[in-house]
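Here's a quick walk through a single protein chain. Have the sequence and the 3D view open side by side as you read.

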Amino acid sequence: MESFDLRRVIEKVFRTVSPLAEEKGLTLELDVAPAVGEITGDKRRVEQVLLNILSNAVKFTEKGNVRMKCRVREGEVLLRVADTGIGIKEKDIDTLFKPFQQIDTYIDRKYEGTGLGLSISQKIVEMLGGKIWVESEWGKGSVFSFTLPTKIKTL
């Protein structure tokens, strides 16, 4: 366990992903509430989850924007990444968090990856005492959200 500034971790991940968004001509927006600050937990794992979710949002968005928001609620922080990307069909949402599963199964897939990022992110978030979920509309975008307790247990 270590105390770390969640705002700084969020800003670091945001800077890491910014060049990818710029290459695609996407607008990247960050909105972190003033109350977001020090939390106790596994800094590297939180960074890993943020990087995966934000990178996916940029990867699956061809035009428009990706917005990342962080708020403090009683005893936890809520992080949300919303995009104007391809979205997810309702029938495919249950597949998202399964290891080695990807929605696009065509031989000539447009989006590369192993299908492990969201599965690993879900495991990390749950091990840290939080929850992760997605809301999406096919062709209109997705919102990935997760909570973390303000005092997170270590892995």
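The report below goes from the overall layout to the sheet, the helices, the salt bridges and two glutamates.

## The overall layout

First, a heads-up: what you're looking at is a predicted model. The protein chain has 155 residues, and 43% of them count as buried. Its secondary structure adds up to three helices and seven strands. If you trace the chain along the sequence, the pattern you meet is β-α-β-β-α-β-β-α-β-β.

How do the contacts spread along the sequence? Take the contacts with a separation of 6 or more: residues 24 or more positions apart make up 69% of them.

## The sheet

Five of the strands come together as an open sheet, in the order 2-4-5-7-6, and the pairing is mixed. Strand 2 and strand 6 sit at the edges, each pairing on one side only. On average, and ignoring direction, neighbouring strands here are turned by 10° against each other.

Now look at one end of that order. Strand 2 runs parallel to its partner, strand 4, with six bridges between them. One spot to click on is D31, which stands opposite K69 in strand 4.

## Helix 3 and what covers it

Which residues of helix 3 are buried? Helix 3 spans residues 117-127, and its buried residues are L118, S119, S121, Q122, I124 and V125. The cover over these residues includes helix 2 (43-59), strand 6 (132-137) and strand 7 (141-149). Just past helix 3 comes G129, which has a positive phi, near 95°.

Helix 2 deserves its own look. The axes of helix 2 and helix 3 come within 10 Å and cross at roughly 145°, and the crossing is left-handed. Helix 2 brings R45, Q48, V49, N52, I53 and N56 to the contact, while helix 3 brings G117, L118, I120, S121, I124 and V125. Sorted by type, the residues of this contact are six nonpolar, five polar and one charged. Some names turn up twice here: L118, S121, I124 and V125 are among the buried residues of helix 3 and are also part of its contact with helix 2.

## Salt bridges

There are seven salt bridges in the structure. One of them joins the side chains of D31 and R71, at 2.7 Å from N to O. This pair ties together distant parts of the chain, 40 residues apart: D31 belongs to strand 2 (residues 27-32) and R71 to strand 4 (residues 65-73). Are these two buried or exposed? Neither word fits: D31 is partly exposed at 32% relative accessible area, and R71 is partly exposed too, at 28%.

Another salt bridge pairs E76 with R73, and there the closest N and O atoms are 2.5 Å apart. R73 counts as partly exposed, with 39% relative accessibility.

A third one to find is E135 with R80, where the closest N and O atoms lie 3.8 Å apart. This pair also links distant parts of the chain, with E135 in strand 6 and R80 in strand 5 (residues 76-83), 55 residues apart. E135 is partly exposed with a relative accessible area of 39%, and R80 is partly exposed with 29%.

## Two more glutamates

E90 sits in the loop between strand 5 and helix 3. Is E90 buried or exposed? E90 counts as exposed because its relative accessibility is 73%, and the cut-off for exposed is over 50%. What about its position relative to E135, the salt-bridge partner of R80? E90 and E135 are 45 residues apart along the chain, and their C-alpha atoms are separated by 9.0 Å.

E47 is a residue of helix 2. Which residues does E47 touch beyond its neighbours within four places in sequence? They are V9, K12 and V13. I10 is also worth finding: E47 and I10 are 37 residues apart in sequence, yet 7.4 Å apart in space, C-alpha to C-alpha.

Technical notes: Residues numbered from 1 in each chain as written. Predicted model: local features only at pLDDT ≥ 70, side-chain atom pairs only at ≥ 80, totals over all residues. Heavy atoms only, no water. Buried < 20%, exposed > 50% of the residue type's maximum accessible area, 1.4 Å probe, protein only. Helix = DSSP H or I, 4+ residues; strand = E, 2+ residues; numbered from the N terminus. Contact = heavy atoms within 4.5 Å. Salt bridge = Lys/Arg side-chain N within 4 Å of Asp/Glu carboxyl O. Axes fitted to C-alpha atoms, helices over the stretch in contact; angles between N-to-C directions. Left-handed = near helix turned anticlockwise from the far one by under 90°. Nonpolar A, V, L, I, M, F, W, Y, C, P; charged D, E, K, R; others polar. Pairing = 2+ DSSP bridges.
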